[in-house]
Amino acid sequence: MQRGNKKMKFVIYSLFYFIIVFLFSTIHSCKISNKKKGITQDSSLYSNENYTPLFLDKSLVENYLQADTSLKTIADEVLAFYQRRDYQFAWFQNDGDTKSLLNFLNLLDHYSYTFADTSINSRPIRSYLESVALDSTYFRRNLDDMDKIELLSTVTYFQYARKAYSGLEKDPKDLEWYIPRKKKNYQLLIERITCSDVELEPYEPVNEFYRALKKQLIVYRELLHRKSWPVILVDSFPLKFGDTATSLIFIKEKLSWLGDFNSFDSSPIFSDSLQSAVKKFQFRMGLIQDGVIDSFTLLELNKPLEERIKQISINMERLRWMPDSIPPDYILVNIPDFNLYVYKSNQFVFKMPVVVGKNITETSIFSGQMTHIVFKPYWNIPASIIQNEILPRIKKNPMYLELNGMEVLSGNQIVDPNSISWKKYNATIPYTIRQKPGLKNALGNVKFLFPNSYSIYFHDTPSKKLFSENARAFSHGCIRLSDPMKLVNYILRDDINGTEDRIQEYLSKKTETWVPIHPIPVFICYFSSWVDINGLLHFRKDIYGHDKRVNSEIYNIAPY
C-alpha cells in the first residue's frame with residue numbers, strides 16, 4: 001500500500017449540509033427493491049491524475065468480502081467498484097480523510113434520525129477518526145487500520161444505498177457518482193457545463209441550487225471570453241458620493257458587467273446611482289453596505305474572473321450530493337456568511353447574524369432535527385475547554401469556579417472544588433464542570449438542541465459586541481445567535497408553551513426547563529458561493545479552507 005507519513009487530520013470538510021436531509025425528502029419507503037440501472041460519473045471528464053495516491057491490495061479486498069457471509073448481497077458491487085478504480089482508495093488521501101467520508105457519515109446520521117434505523121453501524125469509522133483526532137501519533141502507529149476503515153466505509157455505503165435509494169427513480173450505480181477514479185479535467189468540465197452539452201445533463205444534479213449556480217457560471221465564462229478585466233487602481237481611499245476620480249469610470253464599467261450598476265452614466269463622478277450599485281455589490285460580497293469604495297470593496301471588485309469561476313464550480317461540485325427537492329420548512333446557517341436563515345413553506349421568513357467557530361475550533365457541517373428549546377440552560381463545559389482554559393485558571397485562582405458560577409460534578413454528584421487537589425492534574429481530570437444558569441452563563445438564557453455527533457447547538461450569549469463585526473468566527477464551535485428570543489417566538493408561535501406569560505415563567509426560573517417542539521430540519525452549511533432567493537450571486541471568503549481542499553481533491557489544477 002502506498003501512503004505518506006503525514007499526521008491524520010480530523011477536520012470536517014465541505015458539505016454538506018443539504019446533502020444529508022434533502023435526499024430523504026423524496027423517500028417514502030425503505031424496502032429493498034429490484035436493482036435499477038444507475039448512472040456513473042462521466043469518465044470522459046477525468047484527467048490522468050489519480051484521485052488519491054493510496055491503493056489497497058487486491059487479495060485484501062477479496063478476502064475481506066469472502067470472510068463475512070453477511071456481505072454476500074453487496075460483495076459484487078464493492079469488488080466491481082474497486083476493480084474499476086484499480087483498487088485505489090475512495091475515502092482517504094495520504095494526509096487524512098477526504099471530504100466524502102465526513103459527508104457520508106453525516107448522511108448516515110440523518111438517515112438514523114429520520115427513520116429511527118440504526119441497523120447500519122458507522123461507529124467503528126467514527127471511532128477511528130476520533131482516535132486520530134485525539135492522538136497525534138495514532139495515524140503513524142496504526143497505518144494498516146486505514147485499509148480496514150477504507151473497506152468498512154465502502155461496505156457501509158453500499159449497505160446504506162440498498163436501503164436509502166430503494167424506491168427512487170434514479171439510483172447511483174456505484175460511488176463513482178460522488179467519488180471519481182481520477183481527478184477531473186477542470187477546463188474540460190467548465191467548457192462542457194457552460195456549453196450546456198446535452199450529453200452531460202444526465203450526470204448533473206437537477207436541484208434548483210445547482211441550476212442557479214450553473215446559470216451564473218455561464219455568465220462569468222462569457223465575461224471571461226468577451227471582456228477585458230483590468231485591475232483598477234485608486235489614488236486614495238475612500239471614494240464616496242460626490243467625489244470625482246478617473247477610476248470611477250472603470251468601476252462603473254465593471255459593476256455594469258456584473259449586473260450591479262444599471263445606469264448609462266459613464267462619468268468620473270460618484271453619483272447616487274453608483275452609490276446604490278456599490279451597496280448592492282457589497283451586499284453580494286458580504287461586506288459592510290455603506291456605499292463607500294474602500295480597499296476591501298476594491299479588492300473584491302478586482303478579483304480575477306478565473307478565480308470567481310473556480311469558486312462557483314467548487315460549490316457546484318458540493319451540490320452534486322444534493323438531491324432534487326428540499327423540505328418546505330427549515331433553518332439554515334451558512335458558515336462563511338455568518339447568518340442564520342429561516343424558511344417556511346419554501347418562503348424566506350427572516351435572517352439573523354450569528355457567530356460561528358473560529359479557525360481552530362471550526363463549526364462542523366451537518367444537518368439534524370431541532371427537537372428542544374432549553375431555557376436557563378446549564379453549560380456543560382467540553383473537556384477540551386476544561387483542559388486548555390479552565391484548569392490553568394483554577395490553578396492560578398482557587399476562587400475562579402465560584403466567581404464564574406461554575407460547579408464540579410463526579411458523575412451526577414456535586415463535589416466541593418476545594419476538596420480537589422487541582423495542581424496534580426495537567427491534562428484530563430476525573431470530573432465534569434458546568435456553569436450554572438444565570439447572568440454569567442456563556443449560553444445566556446436559551447439554547448436550541450438538534451442531536452448530532454459534534455455537540456453543536458444554537459445558543460444565546462451575554463457577549464453581544466461580536467455581532468457588530470462583519471466577520472464573526474469567534475466561538476468554540478457552537479453557534480451564537482444575535483436575537484435568540486426572535487427564534488424562540490417564531491418556533492413556539494403556535495405552541496401552548498409559546499405564550500408571553502409561559503416564556504417569561506421559563507426565563508424567571510433558576511433551573512433548566514426543556515420544552516419539546518415539533519422537529520424542524522436544521523442545516524449547517526458551507527457555501528462560499530450561492531444564488532439567493534432574489535437571484536443575486538454571492539461570494540464569501542473560504543474561512544476554513546474547505547474550498548481549497550475540494551479543489552485539491554477533485555481537480556487537476558494548481559491549488560486554489
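A cavity is a set of grid points where a 1.4 Å probe fits but cannot get out. The exercises below use that term on a predicted model.

**Exercise 1. What are the volumes of the largest and the second largest cavity, and how many cavities are there of 30 Å³ or more?**

Step 1. Start with the count. There are 4 cavities of 30 Å³ or more.

Step 2. Take the volumes. The largest cavity has about 70 Å³. The second largest has about 50 Å³.

**Exercise 2. Which residues line the largest cavity, and which elements give two or more of them?**

Step 1. List the lining. It consists of Tyr-220, Trp-229, Leu-258, Phe-281, Met-285, Glu-300, Leu-301, Lys-303, Leu-305, Arg-308 and Phe-539.

Step 2. Assign elements. Helices α11 (272-285), α12 (295-301) and α13 (305-318) give two or more residues each.

Step 3. Sort by class. The lining holds 8 nonpolar and 3 charged residues, and no polar ones.

**Exercise 3. Which residues line the second largest cavity, and which element supplies the largest share?**

Step 1. List the lining. Lys-184, Leu-189, Ile-193, Tyr-210, Ser-313, Met-316, Glu-317, Arg-320 and Tyr-555 surround this cavity.

Step 2. Find the elements. Both α8 (186-194) and α13 supply at least two residues. The largest share, 3 residues, is from α13.

Step 3. Sort by class. Here the split is 5 nonpolar, 1 polar and 3 charged.

Step 4. Link the two linings. Helix α13 gives two or more residues to the largest cavity, and at least two to the second largest.

**Exercise 4. How many residues are in the largest nonpolar core, and which have the most contacts inside it?**

Step 1. Take the total. The largest nonpolar core has 127 residues. Phe-458, Leu-487 and Ile-491 have the most contacts inside it.

Step 2. Find the main contributor. Helix α7 (residues 145-164) gives the largest share, 9 residues.

Step 3. Look around Leu-487. Beyond its neighbours within four places in sequence, Leu-487 touches Ile-331, Leu-340, Val-342, Phe-350, Met-352, Phe-448, Phe-458 and Leu-481.

Step 4. Check for another core. A second, separate core has 22 residues, among them Ile-390, Ile-394, Leu-449 and Cys-478.

Step 5. Set this in context. In soluble globular proteins, nonpolar side chains tend to be buried together.

**Exercise 5. Classify three residues: is Glu-77 buried or exposed, is Ser-247 buried or exposed, and which class fits Ala-471?**

Step 1. Recall the cut-offs. Buried is under 20% relative accessible area, exposed is over 50%, and partly exposed is in between.

Step 2. Glu-77 sits in helix α3 (residues 72-84). Its relative accessibility is 15%, so Glu-77 is buried. Its side chain makes a polar contact with the side chain of Arg-162, at 3.2 Å.

Step 3. Ser-247 belongs to helix α10 (residues 247-257). Its value is 9%, so Ser-247 is buried too. Outside four places in sequence, Ser-247 contacts Ile-232, Leu-233, Val-234 and Leu-239.

Step 4. Ala-471 is in the loop between β14 (458-459) and β15 (473-475). Its value is 47%, so Ala-471 is partly exposed. Asp-337 is 134 residues from Ala-471 in sequence, yet their C-alpha atoms are 8.2 Å apart.

**Exercise 6. How many helices and strands does the protein have, and what percentage of its residues is buried?**

Step 1. Count elements. There are 18 helices and 19 strands.

Step 2. Take the burial. Of the 560 residues, 52% are buried.

Step 3. Turn to sequence separation. Among contacts with a separation of 6 or more, 74% join residues 24 or more positions apart.

Terms used:
Residues numbered from 1 in each chain as written. Predicted model: local features only at pLDDT ≥ 70, side-chain atom pairs only at ≥ 80, totals over all residues. Heavy atoms only, no water. Core = buried A, V, L, I, M, F, W, Y, C linked by side-chain atoms within 4.5 Å. Buried < 20%, exposed > 50% of the residue type's maximum accessible area, 1.4 Å probe, protein only. Helix = DSSP H or I, 4+ residues; strand = E, 2+ residues; numbered from the N terminus. Contact = heavy atoms within 4.5 Å. 1 Å grid on protein atoms, 1.4 Å probe; cavity = no way out; pocket = protein on both sides within 12 Å on 5 of 7 lines; lining within 4 Å. Points joined across faces, edges and corners; volume = space filled by probe spheres on them. Nonpolar A, V, L, I, M, F, W, Y, C, P; charged D, E, K, R; others polar. Polar contact = N/O pair within 3.5 Å; in protein donor to acceptor, adjacent residues only side chain to side chain.
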